[in-house]
Amino acid sequence: EKVEITKEQRTLMKVIVDAYSTHQIPQDVAKKLLQEQYSADENFLLLTEMATSQVQVLVEFTKNIPGFLSLDREDQIALLKGSAVEAMFLRSAQVFSRKMPSGQTEVLEERIRKSGISEEFIIPMFNFYKSIVSLHMVQEEQALLTTITILTPDRPYVKDQQAVERIQETMLELLRKLCVLQRPQEPQYFARLLGRLTELRTLSHYHAEMLTSWRTNDHKFTPLLCEIWDVQ
Ligand SMILES: CC(C)c1onc(-c2c(Cl)cccc2Cl)c1COc1ccc2cc(-c3cccc(C(=O)O)c3)sc2c1
């Protein structure tokens with residue numbers, strides 16, 4: 001059928017992509033990836049700093065999602081806490097997709113592999129990164145997929161799931177149209193993107209175990225990460 005992006009959808013798209021590209025980790029923080037030493041402890045500290053900065057960026061981005069601030073305040077918190085890890089997997093995956101000129105990609109991979117994460121989590125994590133890179137998502141798709149992840153109604157403690165569902169459905173419809181228009185020769189592309197969201201949930205469960213093992217080895221997190229991940 002003739003798929004058309006309406007004027008409202010174009011406006012919605014612009015608001016989300018602008019917010020997504022505006023709120024980025026500050027370059028001086030990202031550059032640290034290249035500068036600091038290499039040791040398991042140093043890598044952990046750097047990744048903790050990146051994650052903390054990423055959460056701040058994520059909160060700012062989320063506030064710009066049309067409709068998000070009109071949700072119940074406690075539900076807004078529940079959505080952020082429930083989606084932070086998944087949104088950060090998507091965000092860090094984009095670093096691998098960008099093939100950073102300064103070699104940040106290789107350095108980030110090296111630091112993640114050597115930060116005290118056990119091999120059983122490293123394997124699915126980098127399989128996920130490979131699967132995201134192979135999709136060659138454009139920025140609109142990346143921004144919408146992150147938005148859809150944040151607006152997942154069945155996160156723990158969300159009271160008014162219908163209200164979240166209504167906004168998420170708007171984003172899903174927009175992404176569906178974009179995929180059809182962007183990749184007419186790949187009718188399954190939209191389904192493949194949504195398939196990544198399922199993989200993200202699995203990674204999120206692995207992540208809870210990663211946190212436990214770091215804490216067993218007496219690794220400290222920042223107050224913001226402790227709050228968003230309910231640790232310490
Ligand atoms: C607390 C810490 C040890 C931790 O615990 N689990 C994870 C995690 C790991 Cl390992 C993998 C996936 C998800 C999580 Cl949550 C982390 C590190 O999480 C992050 C989170 C975001 C980013 C963005 C980056 C980044 C680099 C260059 C450029 C840019 C850019 O956007 O320009 C972004 S690095 C980075 C590291």
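**Exercise 1.** In this predicted model, find which helices each supply at least two residues of the shell around the ligand.

*Solution.* Step 1: collect the shell; 24 residues surround the ligand. Step 2: assign them to helices. Four qualify: H2 (27-35), H3 (40-63), H4 (73-98) and H9 (189-216). Step 3: look for the largest share. H3 provides it, with six residues.

**Exercise 2.** Sort the shell residues into nonpolar, polar and charged.

*Solution.* Step 1: the nonpolar group has 18 members. Step 2: five residues are polar, and one is charged. Step 3: pick out the closest residues. These are Gln54, Arg98, Tyr129, His207 and Trp214.

**Exercise 3.** Locate the ligand nitrogen contact of histidine 207, then work out how much of the ligand the protein buries.

*Solution.* Step 1: take a polar side-chain atom of histidine 207. A nitrogen atom of the ligand lies 2.7 Å from that atom. A polar contact needs N or O atoms within 3.5 Å. Step 2: consider the ligand alone, which exposes 740 Å². The protein buries 99% of that area. Step 3: identify the space. The ligand takes up the largest pocket.

**Exercise 4.** Explain why aspartate 18 and lysine 14 are separated by about one helical turn.

*Solution.* Step 1: place both residues in helix H1 (residues 7-22). Step 2: they are four residues apart in that helix, so about one helical turn separates them. Step 3: check the pairing. Aspartate 18 and lysine 14 form a salt bridge, with their closest N and O atoms 2.7 Å apart. The structure holds 17 salt bridges.

Notes
Residues numbered from 1 in each chain as written. Predicted model: local features only at pLDDT ≥ 70, side-chain atom pairs only at ≥ 80, totals over all residues. Heavy atoms only, no water. Near = heavy atom within 4 Å. Polar contact = N/O pair within 3.5 Å; in protein donor to acceptor, adjacent residues only side chain to side chain. Areas by Shrake-Rupley, 256 points an atom, 1.4 Å probe, with all protein chains shown as cover. 1 Å grid on protein atoms, 1.4 Å probe; cavity = no way out; pocket = protein on both sides within 12 Å on 5 of 7 lines; lining within 4 Å. Sits in = over half its atoms within 2 Å of the grid points. Nonpolar A, V, L, I, M, F, W, Y, C, P; charged D, E, K, R; others polar. Salt bridge = Lys/Arg side-chain N within 4 Å of Asp/Glu carboxyl O.
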